[in-house]
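Subject: Handover of the model

Dear colleague,

I am passing on the structure below, and I would be grateful if you could read the notes under it with the model open beside you.

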Amino acid sequence: MGDRTLRRAPEFVAAGLVAPERAAELAAVARRFAVAITPDMAGLIERGDESDPIAQQFVPDAREMETRPEEDQDPIGDRRLSPLKGIVHRYPDRVLLKPSHVCPVYCRFCFRREQVGPEGESLTAAELDAALDYIRARPEIWEVIVTGGDPLLLSPRRLAGIVKALDVIPHLGVIRFHTRVPIVQAERVGPALVKALRAEKAVYVAIHANHPRELTEKARAACLRLARAGISLLGQSVLLKGVNDDAAVLEALFRGLAAMRVKPYYLHHPDLARGTARFRPTLDQGQALMRRLRGRVSGLCQPTYVLDLPGGHGKVPVGPCYATPQDRSGTWSITDPTGQAHQYPPRSVDIKD
Ligand code: SF4
């Protein structure tokens, strides 16, 4: 396996990731959506297995050219909620800051697939200043989520500049980064990048991983470097048909993340991005998977299953519900992890010593 990120159809074919007869299909998809896979991710793919869960995430597919009526180029309404370039302000107490639109890999299911890519514009110095001014001027903003694109592709110097500017804004409590870099290009997480992320304020890094095979020794070591610098690590995963829609796979993923000091935070239901229907399970299927995890996996390994409502209406937990009100007296029926229902509060005769 080479040491370069693959970005073009012939490179995918030459690396054995795509059969030569699919080269034209791949090239057509690449003209519409950004394409890239790092050597580390390409190296994980089982050649000749079209259903390989890593290949599914990064190798383009002709089905991406099909758009369903419910799909949209801006599925969660980022554009509508952007008061100025580089800022998305959906909730009163937090904003997204998007300094760049470039990623180390381009995920075939990405909800921002029509905004990210090598052609995507990064903020100029003046635009970044304006975005920071927007945050400075609003004391209700408590958390800044630096995302993109992937902010950990910025040079450590630019990253440090952003962290320093945010660190001195008095009303901010938390600076959070969203990234795939520690998983897909772990060697970038070197001393300069780790130093750039250090701040007086709480810094969280939310790491995107979807399959336990992504949790390589290199990724583990990168997370350890971040954790040793006092950075809190969260896990973000997307529930993807054909990749991780299996209780054993999710269990291995969440246990693996927690053991790497990465607390599984969100399991996202896939958004209605154009050309991504093949990845979407139903909400019923997602809930059934979450039910199977409850009871067999430590709470430390249980993310919240969430859906970002189309149109920018926000993120909502859509996991299974275990409590149903029985009557107006405050009695509930609670389902335990084995599926058995219990009355709460229990009748006195049900209470055992
Ligand atoms: S790394 Fe994140 S932003 Fe970039 S393509 Fe993948 S999901 Fe989208």
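What follows is a description of the chain as a whole, then of the ligand, and then of some individual residues.

This is a predicted model, in which local features need pLDDT of at least 70 and side-chain atom pairs count only at pLDDT 80 or more, whereas totals for chains, interfaces and linings use all residues. Residues are numbered from 1 along each chain as its sequence is written, and side-chain values use heavy atoms, with hydrogens and water left out.

The chain as a whole

The chain has 11 helices and 12 strands, where helices (H or I, at least four residues) and strands (E, at least two) are DSSP runs numbered from the N terminus. Its radius of gyration is 22 Å, close to the 20 Å that the globule rule gives for 353 residues, so the chain is as compact as a globular protein of that length; the radius is taken over C-alpha atoms, and the rule is 2.2 Å times the number of residues to the power 0.38. Taken along the principal axes, the box filled by the C-alpha atoms is roughly 70 × 55 × 40 Å.

Of the 353 residues, 51% are buried, and here buried means under 20% relative accessible area, exposed over 50%, and partly exposed in between (1.4 Å probe, protein chains only). If one takes the contacts between residues at least 6 apart in sequence, 75% of them join residues at least 24 apart, a contact being heavy atoms within 4.5 Å.

The ligand

The ligand sits in the largest pocket. A pocket is defined on a 1 Å grid over the protein atoms alone, as an open set of points where a 1.4 Å probe fits, with protein on both sides within 12 Å along at least five of seven lines, and a molecule sits in it if more than half of its atoms lie within 2 Å of its grid points. Around the ligand are C103, V105, Y106, C107, C110, R180 and H208, a residue being counted if one of its heavy atoms lies within 4 Å. By class, this shell has five nonpolar, one polar and one charged residues; Ala, Val, Leu, Ile, Met, Phe, Trp, Tyr, Cys and Pro count as nonpolar, Asp, Glu, Lys and Arg as charged, and the others, Gly among them, as polar.

Strand β8

Two residues of strand β8, which covers residues 304-309, may be worth a look. V306 lies in this strand and is buried, at 2% relative accessibility; leaving out residues up to four places away in sequence, V306 touches Y266, L267, H268, H269, K315, V316, P317 and V318. The C-alpha atoms of V306 and P270 are 9.3 Å apart in space, although 36 residues separate them in sequence. D308, also placed in β8, is buried with a relative accessible area of 9%, and with the same exclusion of residues up to four places away, D308 is in contact with I76, Y91, D271, G314 and K315.

Residues in helices and a loop

E251, in helix α10 (residues 247-259), is buried at 15% relative accessible area and touches L293, R296 and V297, again not counting residues up to four places away in sequence. By contrast, A126 in helix α5 (residues 125-136) is exposed, with a relative accessible area of 57%, and R228 in helix α9 (residues 217-228) counts as exposed at 67%. R138, in the loop between α5 and β3, is partly exposed at 27%, and beyond its neighbours within four places in sequence R138 is in contact with H89 and H171. The C-alpha atoms of R138 and P92 are separated by 9.6 Å, with their positions 46 residues apart along the chain.

Backbone points to check

Most residues other than glycine have a negative phi, and most peptide bonds are trans. In this model, the peptide bond from G148 to G149 is cis, with omega near 15°, and G149 is placed in the loop between β3 (143-146) and α6 (156-167). Another cis peptide bond joins Y344 and P345, with omega about -5°, where P345 belongs to the segment after β12 (341-344). Finally, R261, which is not a glycine, has a positive phi of about 75° and lies in the loop between α10 and β7 (262-268).

With best wishes

Terms used: 1 Å grid on protein atoms, 1.4 Å probe; cavity = no way out; pocket = protein on both sides within 12 Å on 5 of 7 lines; lining within 4 Å.
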